Amino acid sequence: MNVEAIKDLLYKMADDQLILGHRNSEWIGQGPLLEEDIAFASMAQDKVGQSYTLYQMLNELGEDVPNQVAFMRKAHQFHNAQFVELPIGEYDFSLIRHFLFDTADYHRFDMLINSSVEPISLLARKLKGECRYHSMHADSWIKKLGNGTDESISRLQSSLNYAIPYAFGVFEESRMEEDLITENIFGGEIALRERWIEHVDNVLGQTQLILPDLALESPHFGGRYGEHTEHLQPLLDEMSEVISTDPTADW
Amino acid sequence: MESMITLPKVMEWLREVKDPEIPVVSLVDLGVITDVAISDNGVKINMTPTFVGCPAMDYMVNDVKSTLNSKGVENVEVIVSFDKQWSSNNISEKGRSALKEFGLAPPPHYDRIVDIEILEQTPCPYCNSTNTELKTPFGPTLCRAIHYCNNCKQAFEQFKPV
């Protein structure tokens with residue numbers, strides 16, 4: 001078993017879920033309508049819970065306990081894609097990010113069901129069922145607002161154009177990508193991106209939104225290797241406020 | 001005392017442990033108890049969460065332990081795992097009728113995968129009408145969706161299929 005490659009894979013998934021979970025939670029009390037407030041809060045809870053389980057798996061592989069790993073690292077030690085750390089912006093951006101990221105998330109877990117690492121395969125089966133609700137939610141709102149008013153369409157289109165290079169950053173390959181693929185741990189980022197493009201294209205095809213020419217886009221890479229935007233550290237500071245003030249606090 | 005512990009007895013005790021957020025449904029009827037093994041040393045129980053992020057999980061584990069302890073079982077080991085996974089299809093018939101009485105529409109049985117269509121026209125737990133619509137697949141807890149009944153004109157919650 002290639003422990004280093006597995007850890008690398010678990011870290012990026014766990015960090016993505018933790019950071020986007022916290023970003024999603026910022027919609028609590030601010031959603032454009034009550035149902036969306038609840039939806040983003042629920043997805044936040046799912047994602048933070050999922051990250052906890054992934055950190056537990058890392059703990060079993062020798063990493064520190066989940067609370068330490070989640071709250072005591074600095075930005076450059078995080079493996080999340082830059083996409084998930086961006087501020088929530090206005091609802092159009094958060095919705096587009098939810099759609100683009102959760103589509104990838106859903107297909108990632110679907111692929112991981114075939115993982116040669118049994119605990120990963122079992123967990124992926126479970127998470128796929130939960131992420132299916134996230135993906136269905138995103139698809140239905142993109143279809144509604146992507147066929148809505150001139151304003152909803154133009155807002156989503158400009159957020160989409162802005163988000164695509166970041167979304168591509170989600171598929172940044174691991175240093176141990178070949179090991180992951182040849183040992184059947186994970187089918188790989190390129191294969192995942194192909195499935196993602198197909199899904200995204202299919203949904204956008206049912207709207208008036210236009211997928212930018214992907215060949216012309218240069219991805220915002222770096223997140224998987226600890227390079228982050230200026231937005232991550234302030235978020236981490238906020239998340240760890242309690243534990244930093246009193247490391248023995250129980251909450 | 002230990003020699004009197006039998007599987008039916010343990011199951012009966014476990015039926016006393018309820019879901020903390022839906023106090024009419026036992027953990028056994030909810031389907032989150034996946035295995036019970038009795039040995040000379042005590043009782044070993046396998047549990048699995050409904051949702052990975054369910055904040056009630058730790059509470060349920062402690063509840064199982066303290067309930068069995070109070071029945072005289074000294075050694076109770078609870079293992080939380082995903083080996084046997086929870087699906088809403090695991091909720092027993094007894095559990096389903098308890099949910100309905102509690103005002104929560106029970107999840108429909110499904111084959112293979114959940115699609116948004118099976119959330120539409122969920123029977124209203126109050127008037128049984130299927131003239132209902134899904135408002136949002138997310139609700140006050142991770143396991144609930146919100147619907148609206150056009151017949152009795154009120155919102156209701158559903159334990160959602162997963």
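**Exercise 1. Find how many residues of chain A and of chain B are in contact with each other.**

Let's start with the head count: 22 residues on the chain A side meet 25 residues on the chain B side. Keep in mind that this is a predicted model. As for scores, the model comes with an ipTM of 0.83 and a pTM of 0.92. Looking at chain B alone, the average pLDDT is 91, and 98% of its residues score at least 70.

**Exercise 2. Describe the interface of chain A and chain B: how much area is buried, and what polar contacts and salt bridges turn up?**

Step one is the area. Together the two chains bury about 2000 Å², and carbon and sulfur atoms account for 66% of that.

Step two is the salt bridges. The rule finds zero of them across this interface.

Step three is the polar contacts. Here the count is six residue pairs between chain A and chain B, with both partners at pLDDT 80 or more.

**Exercise 3. Work out which elements of chain A give two or more residues to the side that touches chain B, and what kinds of residues sit on that side.**

First, pick out the elements: helix 2 (34–60) and helix 6 (118–145) of chain A each give two or more residues. Next, look for the largest share. That one belongs to helix 6 of chain A, with 12 residues. Finally, sort the residues on this side by type: you get eight nonpolar, eight polar and six charged.

**Exercise 4. Decide whether A:Ser42 is buried or exposed, and list what it touches.**

Begin by placing the residue: A:Ser42 sits in helix 2 of chain A. Now check the accessibility. A:Ser42 has a relative accessible area of 5%, and buried means under 20%, so A:Ser42 is buried. Then list the neighbours, skipping residues up to four places away in sequence: A:Ser42 touches B:Phe138, B:Gly139 and B:Leu142.

**Exercise 5. Do the same for A:Met72: where does it lie, how accessible is it, and what is it in contact with?**

Place it first. A:Met72 is in the loop between helix 3 (66–71) and helix 4 (82–85) of chain A.

Accessibility comes next. The value for A:Met72 is 41%; since partly exposed covers the range between 20% and 50%, A:Met72 counts as partly exposed.

Now the contacts. Setting aside neighbours within four places in sequence, A:Met72 is in contact with A:Asn67 and A:Ile243.

One last distance to try: from A:Met72 to A:Leu20 is 52 residues in sequence, and 17 Å in space from C-alpha to C-alpha.

Conventions: Residues are numbered from 1 along each chain as its sequence is written. Chains are lettered from A and ligands numbered from 1 in the order in which they are written. This is a predicted model: local features need pLDDT of at least 70, side-chain atom pairs count only at pLDDT 80 or more; totals for chains, interfaces and linings use all residues. Side-chain values use heavy atoms; hydrogens and water are left out. Contact means heavy atoms within 4.5 Å. Buried area is the accessible area (1.4 Å probe) that two parts lose on being put together, summed over both. A salt bridge is a side-chain nitrogen of Lys or Arg within 4 Å of a carboxyl oxygen of Asp or Glu. A polar contact is a pair of N or O atoms within 3.5 Å; within protein, one must be able to donate a hydrogen and the other to accept it, and residues adjacent in sequence count only if both atoms are side-chain atoms. Helices (H or I, at least four residues) and strands (E, at least two) are DSSP runs, numbered from the N terminus. Ala, Val, Leu, Ile, Met, Phe, Trp, Tyr, Cys and Pro count as nonpolar, Asp, Glu, Lys and Arg as charged, and the others, Gly among them, as polar. pLDDT is the predictor's confidence in each residue, from 0 to 100. Buried means under 20% relative accessible area, exposed over 50%, partly exposed in between (1.4 Å probe, protein chains only).
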